[in-house]
Amino acid sequence: MNVRIGWRLGSFAVGAVFIATWQVLANAHLISPVYLPGPDRTWGALVRGFASGTFPDQLWNTVQRMLVGWLLASLAGIVIGACIGLSRPARAYLGPTLEFLRPLPASAVVPLGIVLFGLSDNMVLSVIAFGALWPTLLATVHGFAAVEPCLYEVSRALGMSRLAVIWKIALPSSLPDILAGMRLSLTVSLILAVVGEMLASRPGLGSGILIAARTFHAPDLYAGVVLLGVLGYLTAQGLFAVEARLLRWRLHQR
Amino acid sequence: MKRAAAVLRGAVFPLALIAIAQIAAMAVRLQSDTLASPAAVLAAGAGAFADGSILIATAQTLGNAFGGLALGGSAGLICGVLLGSSIVADRLMEFSVESLRPIPSVALIPVSMLTFGFGFRMEIAIVAFAAFWPVLILTRSAVSGVDAGLLDVARVLRLGPLARTVKIILPAALPRIFVAFRLAAGIALTVAVTVEVSTNPLGLGYNMMLAEQSLHPDLMLAYLLWIGIVGWALNFTINAAQRRFFGRSVQVRPVA
């Protein structure tokens, strides 16, 4: 245990060295301070932003967008994915279309979203929901299709109804796949929330950092990037915790 | 024969969708600034091919994607090998890696814009950042997962660190490193298009935005379709290469 803490402290120290190097580089003015603020000025911008309330507002807007879009996408992805995954004909007919759409860059639908919804919050939200749909949907299809056939035989022997089969057998056994898909979807949601805000100029961290860059407020820009990193880290960790809790039964099994 | 039947079955749904869209467009005599009939999309796409604009845009996007992939991927490969073969380095870098990795690549768009201005360098820098992390993480786990017996062989042969890496570790980890690059290639294309859609005036993403802003929904949809085809073709090619070179040895999905 002590050894682990020691390593952890060591890795913090290395991180501190990197930040110190950044400070030295910034102080040396090798790169103009207009483009590269040091950690001190970035920290100052963070403190100012939180004191004035701009960062909490932007953060809240972005988080809201991201989570709502992600939840919509996850719900739709699981429902549609379950329908496709449960039926062999549906897989045969729709599978290739899904495989075609899988590598499509999600941001490529942004122009389509703008055409349909204008530069609005709804556009950003629908683009997030659409883009984040695919990882969850495809993972759900895969999970439902890969359920151990023996389990279905058991359910038949027990005379379970179709709904009970889905709820008690197919859903739990594909849960690891679904959660892995949802984790990917969450990353996509954050990316699309930022891109959507930049394009539609909706208030949030994405538009905040773009404006900071356009007005040469480099410390505000770097502070925004730091916040986005923290946001990405916290959401990923949160989902890991949920995953560990939901899949506890699986660990015991091994 | 069976394969042909599967392809046909897969084609039914998209073809039916296109047919319905075409019939609907003709039934209402579509005259719109936001939507276009499939026939119009096809015509716009053919026009863009004829004047070469779509080909230039594709070359720009792929150039940026592969440039960034080469830069970020090779950096990720080197760092991944270092962290994978030295537990000390891995543990000491843990905090730095874990705090930089979650930064969404799009957050760097303004940073790169401020530093490089618009153009290839700005986009390649962002793609390189995005491609760096998956290659680093997967290479690290591939290298640290190299069979201990092979490392014993290296010790018996008294190979230096460089020879050990080049002759033993890299060949042993190669199939999984390839998987890392496959993943990173998809990410590179996605990020390149994203940068173009949002800011950088280059490539497929920008041309698509341009078509949208100049009220040419047919051309915009043609670009969307083409981006889909390019993404699919890239994915297909890399998958085929993986099967050809590594057979079934890496069919298992990487533990991300």
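In chain B of this predicted model, B:L202 makes contact with B:Q60, B:E123 and B:E196, once residues up to four places away in sequence are set aside. The residue itself sits in a loop of chain B, the one joining α8 (161–198) to α9 (203–213). Despite this loop position, B:L202 counts as buried, because 22 C-beta neighbours fall inside 10 Å and the threshold for burial is 20 or more. A further reference point is B:S112, which is 90 residues from B:L202 along the chain; the C-alpha atoms of the two are separated by 15 Å.

Stepping back from this loop, the secondary structure of chain B is pleasantly simple to describe. Chain B holds ten helices and zero strands, so that its elements, read from the N terminus, follow the order α-α-α-α-α-α-α-α-α-α. Chain B is more spread out than a compact globule, because its radius of gyration is 23 Å, well over the 18 Å that the globule rule gives for 256 residues. Along the principal axes, the C-alpha trace of chain B spans about 80 × 55 × 30 Å. Of the 256 residues in chain B, 41% are buried, a group to which B:L202 belongs. Among the contacts in chain B with a separation of 6 or more, 75% are accounted for by residues 24 or more positions apart.

The domain assignment offers another view of the chain. Chain B is divided into domain 1, covering 1–31, and domain 2, covering 35–246. The C-alpha centres of these two domains of chain B lie 32 Å apart. Six residues from domain 1 of chain B and four residues from domain 2 of chain B take part in the contact between them. On the domain 1 side of that contact in chain B, five residues are nonpolar and one is polar, with no charged residues.

Attention can now turn to the partner chain. The interface between the chains brings 45 residues of chain A into contact with 45 residues of chain B. On chain A, the helices that each supply at least two residues to the side touching chain B are α1 (2–27), α4 (88–101), α5 (110–117), α8 (162–200), α9 (205–214) and α10 (218–246). By class, this side of chain A comprises 37 nonpolar and eight polar residues, and no charged residues. Charged residues are thus absent from the side of chain A that touches chain B, just as they are absent from the side of domain 1 of chain B that touches domain 2 of chain B.

How values were computed: Residues numbered from 1 in each chain as written. Chains lettered and ligands numbered in written order. Predicted model: local features only at pLDDT ≥ 70, side-chain atom pairs only at ≥ 80, totals over all residues. Contact = placed C-beta atoms within 7 Å. Helix = DSSP H or I, 4+ residues; strand = E, 2+ residues; numbered from the N terminus. Nonpolar A, V, L, I, M, F, W, Y, C, P; charged D, E, K, R; others polar. Buried ≥ 20, exposed ≤ 12 C-beta atoms within 10 Å, placed from the backbone. Rg over C-alpha atoms; globule rule 2.2 N^0.38 Å. Domains from an automatic or database assignment.
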